[in-house]
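Here is a quick tour for anyone meeting this structure for the first time. We'll look at the open hollows, the closed ones, the nonpolar cores and a few odd spots in the backbone.

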Amino acid sequence: MNFLLSDEQTQIVDSLHDLLSEQMPVSRFRPPAPQIGNSDQAFWPQLGELGFLGIGLAEEHGGIGLSAAEEMLAYREFGRHLLSPAILGLTLGARLAAQLRPDLLDEILSGLLPIAIANPRGSVQLGEVCHGQFHLIDAKQAEWVLICSEDGSALLRRTDFAAVTDVLATDHVLSLQRGLLTGARPVCWLAASKECLYPRAQLLVSAYAVGLAEATRNMAVEYAKARQQFGKPIGSFQAIKHLCADMAIRAEAAACQVIFAALVQAEGRPGADFHSVAAKLVAVEAALQNAAQNIQVHGAIGFTAEADAHLFIKRAHVLEQLWGDTRQQRRLMLAAPFPDG
């Protein structure tokens, strides 16, 4: 199993990185930008035109036909640039539509049919009939909403949710709403027994988290080289060196775990469930700790809105809750068959 990128994969990463750095820099969230919500949805058609919304989807369904490995690399870059997590709705929604609603596929892959994501609040029932409370992420302008769990994946209309109310999100650049499903019938329901999208969803969330961990590592190192105290860069002080070294090791360990999980899925090896959960646990922990230590390296300015550091720790906390928090992931890991067992 080769963890190194091929020339083709390197070109994909470089081209996406250049595009996002130019079109979607993290600085887009700084004042005077609106401090609640985002306009990332306007960028989806451009990603669709370049094929990134269907990069891991088979060519027969209109995708690029690459593997989970390339899809993982794309989401790593999405995390570095803090794209709205609602992009998961398009990537996973395309897989669902390819199975059950091919009439929606072209619009999804072109980025013209936004699909929001819903995260369960407590115990919910998913299936041919859905019940429960959910958080809707960046759903205000979306017609469709995707829910994914270990039981299966559902695509519903936003109007299926009752008692929808706006709530303030920890991550203020995301719009957040609460909604209730009471006997709603999904437009598409794909049971895990037929095809389980949950390991792929976990992999993409994990890759996004690795992007956060790497971006905050880089921010801390660059600031440590530029900020001076007592006539020296603060990066020359042992306490700062240790923080940056820990961040680098943490990001590398998370990247290796996520790459391994991606290759397991790409090559059809056993243990996809186990490794996707392991990837989320390791990657989200790295994102949370690196984001916190990045603020520590920045000092007082790291707590202010004029610095970007706070954006990453808020997004890391959102990822930790998405489709199963750490406690639930540990339960799933214990239940998953060990690949070599």
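## The main pocket

Before we start: a pocket here is an open set of grid points with protein on both sides within 12 Å along at least five of seven lines, and its lining residues have an atom within 4 Å of a point. Keep in mind, too, that this is a predicted model.

With that settled, the largest pocket has a volume of about 680 Å³. Its lining is made up of 30 residues, and those nearest the centre are Asn-119, Pro-120, Arg-121, Gln-321 and Gly-324. Five elements give two or more residues each to this lining: strands E1 (115-125), E2 (130-137) and E3 (144-149), plus helices H9 (309-321) and H10 (326-335). E1 provides the largest share, with 6 residues. As for chemistry, the lining of the largest pocket splits into 12 nonpolar, 11 polar and 7 charged residues.

## The runner-up pocket

The second largest pocket comes in at about 280 Å³. It has 19 lining residues, with Asn-38, Gln-41, Asp-138, Gln-141 and Ser-175 lying nearest its centre. Sorted by class, this lining holds 9 nonpolar, 7 polar and 3 charged residues.

## Closed spaces inside

How many cavities of 30 Å³ or more does a search of the whole structure find? There are 2. The largest cavity has a volume of about 40 Å³. Around it sit Phe-29, Arg-30, Pro-31, Gln-35, His-172, Ala-305, Asp-308, His-310 and Leu-311. By class, that lining is 4 nonpolar, 3 polar and 2 charged.

The second largest cavity has a volume of about 30 Å³, and its lining consists of Lys-280, Leu-281, Val-284, Glu-320, Gly-324, Asp-325, Thr-326 and Gln-329. Helix H8 (272-298) and H10 each supply at least two of these residues, with H8 giving the most, 3 residues. The mix in this lining is 2 nonpolar, 3 polar and 3 charged. You may recognise one of the names: Gly-324 lines this cavity, and Gly-324 is also listed among the residues nearest the centre of the largest pocket.

## Nonpolar cores

In soluble globular proteins, nonpolar side chains tend to be buried together. In this model, the largest nonpolar core has 90 residues, and the members touching the most others are Leu-47, Phe-78, Leu-83 and Trp-323. Helix H6 (residues 198-226) contributes the largest share of this core, 12 residues. There is also a second, separate core of 17 residues, which includes Ala-118, Ala-154, Phe-161 and Leu-181.

Which residues does Leu-47 touch, leaving aside its neighbours within four places in sequence? Its contacts are Leu-16, Leu-19, Phe-52, Leu-53, Phe-78, Leu-83 and Ile-87. Phe-78 and Leu-83 on that list are themselves among the members of the largest core that touch the most others.

## Aromatic pairs

The whole structure contains 4 aromatic pairs. One of them joins Phe-3 and Phe-260, which are tilted, with 6.1 Å from centre to centre and 55° between the planes. Phe-3 belongs to the segment before helix H1 (7-23) and Phe-260 to helix H7 (residues 238-266), so this pair ties together parts that lie 257 residues apart in sequence. Both partners are partly exposed: Phe-3 has a relative accessibility of 30%, and Phe-260 has 28%.

Phe-230 and Phe-237 make another pair, with ring centres 6.5 Å apart. Their planes meet at 65°, so the pair counts as edge-to-face. Phe-230 is exposed, at 75% relative accessibility, whereas Phe-237 is partly exposed, at 27%.

## Backbone oddities

Look next at Pro-31 and Pro-32, which are joined by a cis peptide bond with omega of about 15°. Pro-32 sits in the loop between H1 and helix H2 (44-49). Pro-31 turns up elsewhere as well, in the lining of the largest cavity.

Phe-230 is not a glycine, yet has a positive phi of about 55°. You'll find Phe-230 in the loop between strand E8 (228-229) and strand E9 (232-233). Trp-323 also has a positive phi of about 55° without being a glycine, and its place is the loop between H9 and H10. Trp-323 is buried, with a relative accessible area of 2%, while Phe-230 is exposed.

Definitions and conventions
Residues are numbered from 1 along each chain as its sequence is written. This is a predicted model: local features need pLDDT of at least 70, side-chain atom pairs count only at pLDDT 80 or more; totals for chains, interfaces and linings use all residues. Side-chain values use heavy atoms; hydrogens and water are left out. On a 1 Å grid over the protein atoms alone, a cavity is a set of points where a 1.4 Å probe fits but cannot get out, and a pocket is an open set with protein on both sides within 12 Å along at least five of seven lines; lining residues have an atom within 4 Å of a point. Grid points are joined across faces, edges and corners, and a volume is the space filled by probe spheres set on the points. Helices (H or I, at least four residues) and strands (E, at least two) are DSSP runs, numbered from the N terminus. Ala, Val, Leu, Ile, Met, Phe, Trp, Tyr, Cys and Pro count as nonpolar, Asp, Glu, Lys and Arg as charged, and the others, Gly among them, as polar. A nonpolar core is a set of buried Ala, Val, Leu, Ile, Met, Phe, Trp, Tyr and Cys residues joined through side-chain atoms within 4.5 Å. Buried means under 20% relative accessible area, exposed over 50%, partly exposed in between (1.4 Å probe, protein chains only). Contact means heavy atoms within 4.5 Å. Rings of Phe, Tyr and Trp (its six-membered ring) pair if their centres lie within 6.5 Å; planes under 30 degrees apart count as stacked, over 60 as edge-to-face and the rest as tilted.
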